[in-house]
Amino acid sequence: MSVILYSLGAAEEVTGSKHVFEIDGRPFFVDCGAFQGKWDESDQKNRDFHIAADKIESVILTHAHYDHCGLLPMLGKNGFRGNIYATPATRDLANLIMMDSANIQFRDAEYRKKQAAKKGQSYSWTPLFTEKDVVFATNQIISLSYNRKMYIAPDVQVEFFDAGHILGSAFAFVTITGQSGKKSQESFFDRMQSLFHVNEQKQKSSEDDEIRILFTGDLGRNHKPIIRDPETKLPPADYIVLESTYGNRKHEKSTEAMDMLEKIVKKALKKGGKIIIPAFAIERTQELVYYFHRLFEERKLPEIPIYVDSPMATNATSIFQIHPECYDKETHDAFIVHHKNPFGFNALTFVQSLGESKALNNKEGPMIIISADGMCEAGRIVHHVYNNIEDPNTTILLVGFMAENTLGRKLQNREKEVRIMGEWKQVNAEIEQINAFSAHADYTEIKTWLSKVDTSRLKKIFLVHGEPDAQAFLKNELVNAGYPDVEIIQYGKSYDLC
């Protein structure tokens, strides 16, 4: 039996995760995310998979961020008819994100056509997928809870473990059976019997024939609010496909996030202006709301108006409320024991309509505006930055990863002038940043997590989802820590696992 591994996205780059393992030419996808970056490059990469979608047997989805789930509708559109496996919370959040993307693409196409028409030009760009394609993809998702094993093919089993990244995020532990001639002759029923320990001796011998791959998806951090810490009690894997987003950086401690937020907001309040926070609609927005609720409740900050200006974030917050199976103990106790809702309080307003969003431009500060997209590339946050970036009383607070060539990265780099909505704007607003909010483990946290995982069977670590400098640094750190076989996956290159 031949088993190979390769990546069609997030190979020596951060976004667009698409990893594939093939068993005798039968491809299985792990994530199918959208690439985010320059518009032309993103559009081209997102349209061309370099694989026949109708040949894919199954898809395993680690979590609901756009760069991991955003192109699932493209699979069905191009002939994929198999199942997509995800945790229940991931299924709900992915549906929300994919539908939002379809709506944005439709509006973009209409806008671009109108602009071209004004110039007497034709415009042929069409959305990658439609709402109908999203509905089809969502109907393909099979919910699989944490710590529940499932055969997704007669010779492939998957089990999800909590990755501690966002609500519903998971490590995907894949077990490939049938490596010996004897094993390949066994029936599916026989393998199900071994799963339930009907024949312990046969199960033990079969473990020697298995290939075990742990896909981390995005590895989270300890002590984050709302969700649990990343799981470490995992079965030993032969191969770990490990993310490396912050492979060369060290964050502030996640426990310091609330203190740093308090300090920056107090400083900004002295100016009396607006505090604008670009934040992803899922996880980061809810985390900020949670912290502000605590800061107000503990009287560490005065109650000032907070506007969550993102319809998707509003809907996502509702999804957070119906998935207590993902909560850490503190959040679980707040909801279940004390019946307190940290996602809703007096100072908080969820902005729905576009008119309400535009009205915020005419409101005087102080106020806090939390809006998506987290990298300032799309959505209502672009308009808030556009209207306030030249005001020295404004504070723009960055709380997440900013990919190359995004407006967020340019603000992070403290560029003096940036181009927004076709116009050059002077950056007079104060730019602040808190890395403690990151949902990705830094290189020290990656090493700590690995040290707690059973590596008794480990043959190799593959690095994905990172920029080249970060991956080179992390590879060196891991080799020095005693993991001698570490390889950076290259786009399209096949790696033999047998």
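Reader: Leaving aside its neighbours within four places in sequence, which residues is Asp309 in contact with?

Author: Bear in mind that this is a predicted model. A list of contacts shows which parts of the chain meet around one residue, and here Asp309 is in contact with Val351, Ser357, Leu360, Ile369, Ile370, Ser371, Ala372, Arg380 and His384, once the neighbours within four places in sequence are set aside.

Reader: In which strand does Asp309 lie, and is the residue buried or exposed?

Author: Asp309 belongs to strand β13, which covers residues 306–309. For the second point one reads the relative accessible area, where a value under 20% counts as buried; Asp309 has a relative accessible area of 0% and is therefore buried.

Reader: Which side chain makes a polar contact with that of Asp309?

Author: The partner is His384, whose side chain is joined to that of Asp309 by a polar contact of 2.5 Å, and His384 also appears in the list of contacts given above.

Reader: Turning to empty space, how many cavities of 30 Å³ or more does the structure hold?

Author: There are two of them. The largest encloses about 60 Å³, while the second largest has a volume of about 40 Å³.

Reader: What kinds of residue line the largest cavity?

Author: A lining can be read by sorting its residues by character, and for the largest cavity this gives four nonpolar, six polar and one charged, with Ser17, His19, Asp31 and Phe215 among them. The lining of the second largest cavity divides into six nonpolar, two polar and one charged, and includes Pro278, Phe280, Arg284 and Met402.

Definitions and conventions. Residues are numbered from 1 along each chain as its sequence is written. This is a predicted model: local features need pLDDT of at least 70, side-chain atom pairs count only at pLDDT 80 or more; totals for chains, interfaces and linings use all residues. Side-chain values use heavy atoms; hydrogens and water are left out. On a 1 Å grid over the protein atoms alone, a cavity is a set of points where a 1.4 Å probe fits but cannot get out, and a pocket is an open set with protein on both sides within 12 Å along at least five of seven lines; lining residues have an atom within 4 Å of a point. Grid points are joined across faces, edges and corners, and a volume is the space filled by probe spheres set on the points. Ala, Val, Leu, Ile, Met, Phe, Trp, Tyr, Cys and Pro count as nonpolar, Asp, Glu, Lys and Arg as charged, and the others, Gly among them, as polar. Helices (H or I, at least four residues) and strands (E, at least two) are DSSP runs, numbered from the N terminus. Buried means under 20% relative accessible area, exposed over 50%, partly exposed in between (1.4 Å probe, protein chains only). A polar contact is a pair of N or O atoms within 3.5 Å; within protein, one must be able to donate a hydrogen and the other to accept it, and residues adjacent in sequence count only if both atoms are side-chain atoms. Contact means heavy atoms within 4.5 Å.
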